[in-house]
Amino acid sequence: MEKKDIDWGNLGFGYIKTDYRYVSNFKDGKWDDGEITTDDKVVLNECAGVLQYAQTVFEGLKAYTTEDGRIVTFRPDLNAERINQSAARLEIPTLPEGKFIDAVEKTVKANAAYVPPYGSGATLYVRPYIFGSNPVIGVKPADEYQFRVLVTPVGPYFKGGAKPIVIKVSDFDRAAPHGTGDIKAGLNYAMSLHAIVTAHAEGFAENMYLDSATRTKVEETGGANFLFVTKDGKVVTPKSKSILPSITRRSLIYVAKEYLGLEAEEREITLEEVADMAECGLCGTAAVISPVGKINDHGKEICFPSGMEEMGPVTKKLYDTLTGIQMGRIEAPEGWVHEIKI
Ligand code: PLP
Ligand code: COI
């Protein structure tokens, strides 16, 4: 199959329209079979639930070309599980067993010409989402929904790729203790937009959000979980009920322990102890592992010993092992790499 003529090596993290997308509708209490379409337009009633009350959830995963030329996705079963957890929290009908992976497979397969070649540094970002589509004016869930999957080829999430970034401690909160921080709902991102625009205007790449109850503990950024390495080489990541349970973070904890023989632990991490860490990174599907060189806490700089030039050594090992597994260079744990037969 001939690939599209795209400058894969210079892609940023942006939307490029591809040829096909998947659409399925929920009506009269059930999901239809769904189909691939070329139509990238969504026509909605002016009063659709998603437009009035932001009733929408989404997922993010990537399709890769492996070293031996297969097209694969990484742990899509966990995205399938998480979209249903997100949906249930927003009173959106969940997807029946198998529907999520079937939709992802169909969309990636139809757009195989957009899956970046092995070694190009780019990947095909897959964005499944569900939204309330019929008119709703009183505050209540919609009765009709649309589940769509779009794909777009992407490069690194942060400009500069693997170069360490500088972030700031945000004065805004991302999630409340018993709120929606642990699901992937559009509303969590809408309320982070002012904070990210503010951070960018001040020259920072992202925000570190603290727990909104005490503002002493590290939560996550707008689009990734944190990962730290202590001075004695232990991998630690924040444990909180109001952060998204990142599939990348869960995978990295396993990789740290089982592949690299490191100690790894999920626990509460205070902002105060961050200054004692040796390395810091942001982990997620889009971010992969993006190293953090510095954190600005209201003018006070926390500078990690790994510096502003390169990833820290443990972060690099984690990055190389995880991407090695994803691209088929390193043997994956059972079920992690899901091939899409073209
Ligand atoms: N946290 C937030 C707020 C995110 O948007 C994402 C991205 O999906 C993550 C964490 C990382 O999650 P995952 O590794 O499952 O992509
Ligand atoms: C992802 O990593 O898939 C996300 O959804 C993060 C988003 C900020 C692009």
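Domain bounds here come from an automatic or database domain assignment. The model is predicted.

**Exercise 1. Find where ligand 2 lies relative to domain 1 and domain 2, and say why.**

Step 1. List the surroundings. The residues around ligand 2 are F13, F58, G60, Y125, R127, Y157, K184, G223, T285 and A286.

Step 2. Take the bounds. Domain 1 spans 8-154 and domain 2 spans 165-325.

Step 3. Conclude. Both domains give residues to the shell, so ligand 2 lies between them.

**Exercise 2. Describe the polar contacts of ligand 2 and how much of its area the protein buries.**

Step 1. Set the cut-off. A polar contact is a pair of N or O atoms within 3.5 Å.

Step 2. Check the side chains. An N or O atom in the side chain of Y125 is 2.6 Å from an oxygen atom of ligand 2. For K184, a polar side-chain atom lies 2.6 Å from a ligand 2 oxygen.

Step 3. Check the backbone. A286 places a backbone N or O atom 2.8 Å from an oxygen atom of ligand 2.

Step 4. Turn to area. Ligand 2 taken alone exposes 280 Å², and the protein buries 89% of that.

Step 5. Sort the shell by class. It holds five nonpolar, three polar and two charged residues.

**Exercise 3. Work out what surrounds ligand 1 and which elements supply its shell.**

Step 1. Count the neighbours. Ligand 1 is surrounded by 17 residues, and the closest are Y189, E220, S246, T248 and T285.

Step 2. Find the elements. α6 (247-259) and β14 (279-284) each supply at least two residues of this shell.

Step 3. Sort by class. The shell has five nonpolar, eight polar and four charged residues.

**Exercise 4. Trace the polar contacts of ligand 1, then give its covered area and its site.**

Step 1. Start with K184. One of its polar side-chain atoms lies 2.8 Å from an oxygen atom of ligand 1.

Step 2. Move to E220. Here a polar side-chain atom lies 2.5 Å from a nitrogen atom of ligand 1.

Step 3. Add the backbone. A polar backbone atom of I247 is 2.8 Å from an oxygen atom of ligand 1.

Step 4. Give the cover. On its own, ligand 1 has 380 Å² of accessible area, and the protein covers 97% of it.

Step 5. Name the site. Ligand 1 sits in the largest pocket. The space taken by ligand 2 is also the largest pocket.

How values were computed. Residues are numbered from 1 along each chain as its sequence is written. Chains are lettered from A and ligands numbered from 1 in the order in which they are written. This is a predicted model: local features need pLDDT of at least 70, side-chain atom pairs count only at pLDDT 80 or more; totals for chains, interfaces and linings use all residues. Side-chain values use heavy atoms; hydrogens and water are left out. A residue is near a molecule or strand if one of its heavy atoms lies within 4 Å of it. A polar contact is a pair of N or O atoms within 3.5 Å; within protein, one must be able to donate a hydrogen and the other to accept it, and residues adjacent in sequence count only if both atoms are side-chain atoms. Accessible areas come from the Shrake-Rupley method with a 1.4 Å probe; for residues, only the protein chains shown count as cover. On a 1 Å grid over the protein atoms alone, a cavity is a set of points where a 1.4 Å probe fits but cannot get out, and a pocket is an open set with protein on both sides within 12 Å along at least five of seven lines; lining residues have an atom within 4 Å of a point. A molecule sits in a cavity or pocket if more than half of its atoms lie within 2 Å of its grid points. Ala, Val, Leu, Ile, Met, Phe, Trp, Tyr, Cys and Pro count as nonpolar, Asp, Glu, Lys and Arg as charged, and the others, Gly among them, as polar. Helices (H or I, at least four residues) and strands (E, at least two) are DSSP runs, numbered from the N terminus.
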